[in-house]
Amino acid sequence: MKADIYYFTGTGNSLAVAKDIAKEVDGELISIPYVIGKDTIKTSAKVIIIIFPVYYWGVPLIIERFIKKIENLNNKNIYAIATHGGGPGVVINIFEKMIEGCSGKLAAGFTVNMPGNYVVRYGAFSEEKQKELFEKWGDKVKVIAEYIKDNKRGKKENSNMIVNLLISNLIHNYSVKHMSKVEKNFWVDEKCNKCGICKRICPVSNIDLNSGNPVWNSKCEQCFACLQWCPQEAIQYGKKTPMHKRYHHPNVDISDILNQAKK
Ligand SMILES: Cc1cc2nc3c(=O)[nH]c(=O)nc-3n(C[C@H](O)[C@H](O)[C@H](O)COP(=O)(O)O)c2cc1C
Ligand code: SF4
Ligand code: SF4
């Protein structure tokens with residue numbers, strides 16, 4: 001079985017999961033921001049594994065665009081793995097509907113609890129908490145990989161609560177609608193040394209440099225890669241991020257994230 005393993009990540013959790021899956025399943029790792037520029041995404045692989053973070057109880061916008069570009073979704077075995085910071089809501093249900101909207105069928109969908117990276121609200125989780133989550137993933141990766149290798153179908157890791165379904169859809173739709181508008185909250189402090197990494201790292205090419213300083217161009221999709229990976233920790237968002245410790249997955253480094261965004 002040869003699989004295509006597509007990933008999108010802001011702080012490395014989803015890439016770390018993708019790398020671990022690739023060690024267990026015979027497959028090729030492919031960056032979604034890299035292929036998204038094509039008119040259509042062609043693949044001869046029968047098995048497609050799509051790995052992404054949960055944003056506002058839902059699916060990142062780039063994933064929605066990506067799915068619409070894959071050719072012949074109807075004859076693929078599609079698996080989803082969504083990484084989250086403790087509240088996945090009904091992300092697999094939402095993702096499944098998107099796949100069905102493109103004439104595909106989701107074989108199975110899994111959620112993986114990783115350290116949260118919503119830096120607007122909180123800083124990096126403690127080392128102990130991170131270790132605990134990584135250890136749990138170490139057990140779960142084998143289970144998911146076996147499931148995929150056996151070509152099994154049917155498992156959908158959704159929350160059962162109807163209220164969760166309602167709230168998550170409402171909040172997700174509201175957040176998506178306002179996503180690009182809230183980017184006016186970005187600012188840069190005096191630590192910026194004009195290295196330009198933020199421009200290169202943005203997966204949707206939303207950052208330009210003006211006399212070396214970053215400017216955001218109204219199409220932010222809120223991955224926070226620019227803020228989390230700025231080597232000087234000079235990028236801020238709103239009032240609280242100066243107090244929040246930055247987070248990246250320990251098995252992913254800045255070159256991985258720069259490669260993800262390379263066009
Ligand atoms: C804009 C944004 C929204 C998020 N919303 C949720 C959420 O609704 N539920 C949740 O559990 N985690 C949420 N998170 C946390 C991420 O889903 C989680 O940390 C994920 O593993 C990050 O993956 P990455 O490192 O591959 O970017 C959010 C993070 C961001 C940046
Ligand atoms: S990555 Fe940070 S230090 Fe480099 S240009 Fe951007 S804001 Fe400035
Ligand atoms: S501007 Fe920053 S937060 Fe927005 S999409 Fe680009 S890297 Fe992500």
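Which residues are the closest to ligand 3? Let's start there, and keep in mind that this is a predicted model.

Okay, so ligand 3 has 13 residues around it, and the closest are C202, C220, C223, F224 and C226. If you sort that shell by class, you get 10 nonpolar residues, two polar and one charged. The cysteines among those names are counted as nonpolar here, by the way.

Now over to ligand 1. This one is surrounded by 23 residues, with T9, T11, S14, V54 and W57 the closest. Where does ligand 1 sit? In the largest pocket. Two elements each give two or more residues to its shell, namely helix α1, running 13-24, and strand β4, running 77-84.

What about the classes around ligand 1? We have nine nonpolar residues and 14 polar ones, and no charged residues turn up in that shell. Ligand 3, as I said, has one charged residue in its shell.

Let me walk you through some backbone contacts, each one going to an oxygen atom of ligand 1. For G10, a backbone N or O atom lies 2.7 Å from such an oxygen. With N13, again through a backbone N or O atom, the distance is 2.8 Å. And for G86 the backbone atom, N or O, is 3.2 Å away from a ligand oxygen. On coverage, ligand 1 has 650 Å² of accessible area on its own, and the protein covers 95% of that.

So, to recap: ligand 1 is in the largest pocket, with 95% of its accessible area covered by protein, while the shell of ligand 3 includes C202, C220, C223 and C226 among its closest residues.

Terms used
Residues are numbered from 1 along each chain as its sequence is written. Chains are lettered from A and ligands numbered from 1 in the order in which they are written. This is a predicted model: local features need pLDDT of at least 70, side-chain atom pairs count only at pLDDT 80 or more; totals for chains, interfaces and linings use all residues. Side-chain values use heavy atoms; hydrogens and water are left out. A residue is near a molecule or strand if one of its heavy atoms lies within 4 Å of it. A polar contact is a pair of N or O atoms within 3.5 Å; within protein, one must be able to donate a hydrogen and the other to accept it, and residues adjacent in sequence count only if both atoms are side-chain atoms. Accessible areas come from the Shrake-Rupley method with a 1.4 Å probe; for residues, only the protein chains shown count as cover. On a 1 Å grid over the protein atoms alone, a cavity is a set of points where a 1.4 Å probe fits but cannot get out, and a pocket is an open set with protein on both sides within 12 Å along at least five of seven lines; lining residues have an atom within 4 Å of a point. A molecule sits in a cavity or pocket if more than half of its atoms lie within 2 Å of its grid points. Helices (H or I, at least four residues) and strands (E, at least two) are DSSP runs, numbered from the N terminus.
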